[in-house]
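Grab a pencil and open the viewer. Here are some exercises to work through at your own pace, each with a solution underneath.

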Amino acid sequence: MKVVVDTSVWSLALRRNRTLEESPQILRLRELIADDRVALLGVIRQEVLSGIRQIEQFDRLREYLRAFPNLELAIKDYELAAEFYNTCRRNGIQGSNTDFLICAVAHRRGYSILTTDGDFALFGEHLPITLWQ
C-alpha cells in the first residue's frame, strides 16, 4: 500500500540542521522510500519547494524530489476534499484545503497518511482516513 507523505514529514526530513536522533516519521519515510511506497501530491511538492532562498539549494531539492512522480488527481479528489472540508467544518474543526485534499486522495485510493501534523488525528474523528503508524 502507498502512503501519502505530508509536507510536515518532508520538511522535517529535509532540514539541514537535524539532530542526530531522528524522529520515527523520518525513519518511516526512509522505509517507505526504500520500498517505493511514497505517494507525492503536486501540492505537497510545491509546499516543500516554496520559501527556499538559495537557488542552488532549491535546484538540489527539486532534483531530489523528481525521483517521486506526482500522483495524478481526478475531479473526484477535489470534490471529496470539499465534502471533507464541509464535514469537518460542521463539526467545528478547521483545516487547510491542502490537508483535506490529502485526506480525500488517501481515502479514495486506500492509502495511509504519514504526518507530524496533529490536525489529521482530529480529521480522523470525522473522516474515513488512516494515519500511518
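The exercises below walk through a predicted model, one topic at a time.

**Exercise 1. Work out how the length of helix α5 compares with the span expected for it, and find which of its residues are buried.**

Solution. Start with the ends. Helix α5 runs over residues 75-90, so count 16 residues; the expected span is 1.5 Å times one less than that number. That gives the expected 22 Å, and the helix reaches 23 Å from its first C-alpha to its last, which is close.

Next, pick out the residues under 20% relative accessible area, the cut-off for buried. In α5 these are Asp77, Leu80, Ala81, Phe84 and Cys88. They cover an arc of only 110° around the axis, so they sit on the same side of α5.

Now turn the helix around. Ile75 and Arg90 are exposed, on the face of α5 turned away from its buried side.

Finally, see what the buried side meets: the buried residues of α5 pack against α6 (97-109) and α7 (119-124). Stepping just past the helix, you'll hit Gly92, which takes a positive phi of about 80°.

**Exercise 2. Do the same for α6: which residues are buried, and what do they pack against?**

Solution. Span first. With 13 residues, α6 reaches 18 Å from its first C-alpha to its last, close to the 18 Å expected at 1.5 Å a residue.

Then go along the helix. The buried residues are Thr98, Asp99, Phe100, Leu101, Ile102, Cys103, Ala104, Val105 and Ala106. Their packing partners are β1 (3-5), α3 (42-49), α5, β3 (112-114) and α7.

Zoom in on one of them. Val105, in helix α6, has a relative accessible area of 0%, so it counts as buried. Skip its neighbours within four places in sequence, and Val105 is in contact with Leu41, Leu71, Leu73 and Asp77. Recall that Asp77 is one of the buried residues of α5.

After α6 comes Gly110, with a positive phi near 75°.

**Exercise 3. Decide how many disulfides the structure holds, and explain why Cys103 is not bonded to Cys88.**

Solution. The count is zero disulfides. To see the reason, take the sulfur of Cys103: the closest cysteine sulfur, in Cys88, is 7.1 Å away, which is too far for a bond. For scale, a disulfide needs the two sulfur atoms within 2.5 Å.

Then check the surroundings. Cys88 is buried, with a relative accessible area of 0%, and Cys103 is buried with a value of 0% too.

**Exercise 4. Find which residues touch the most other members of the largest nonpolar core.**

Solution. The core has 40 residues, and Trp10 and Phe123 touch the most other members. By element, α6 gives the largest share, seven residues. As background, nonpolar side chains tend to be buried together in soluble globular proteins.

Now list who Trp10 meets, leaving aside neighbours within four places in sequence: Val5, Leu29, Ile33, Val38, Leu40, Ile44, Val48, Tyr64, Leu65 and Phe68.

Two of those names, Ile44 and Val48, lead you to α3, where Ile44, Arg45, Val48 and Leu49 are buried. They cover an arc of only 130° around the axis, so they share the same side of α3. Covering these buried residues are elements including β1, α1, α4 (55-65) and α6. Once α3 is done, Gly51 follows, with a positive phi near 85°.

**Exercise 5. Trace the polar contacts of the Ser8 side chain.**

Solution. Locate Ser8 in helix α1 (residues 7-14). Its side chain makes a polar contact with the side chain of Thr115, at 3.1 Å. A polar atom of the Ser8 side chain also lies 3.0 Å from the backbone nitrogen of Thr116.

Widen the view to contacts beyond four places in sequence, and Ser8 is in contact with Thr115, Thr116 and Asp117.

**Exercise 6. Is Asp36 buried or exposed, and what is the sign of its phi?**

Solution. Begin with the location: Asp36 is in the loop between α2 (24-34) and β2 (38-39). Its relative accessible area is 60%, so it is exposed.

Now the backbone. Most residues other than glycine have a negative phi. Asp36 is not a glycine, yet its phi is positive, at about 55°.

Notes. Residues are numbered from 1 along each chain as its sequence is written. This is a predicted model: local features need pLDDT of at least 70, side-chain atom pairs count only at pLDDT 80 or more; totals for chains, interfaces and linings use all residues. Side-chain values use heavy atoms; hydrogens and water are left out. Helices (H or I, at least four residues) and strands (E, at least two) are DSSP runs, numbered from the N terminus. Buried means under 20% relative accessible area, exposed over 50%, partly exposed in between (1.4 Å probe, protein chains only). The arc is that of the directions from the helix axis to the C-beta atoms. Contact means heavy atoms within 4.5 Å. A nonpolar core is a set of buried Ala, Val, Leu, Ile, Met, Phe, Trp, Tyr and Cys residues joined through side-chain atoms within 4.5 Å. A polar contact is a pair of N or O atoms within 3.5 Å; within protein, one must be able to donate a hydrogen and the other to accept it, and residues adjacent in sequence count only if both atoms are side-chain atoms.
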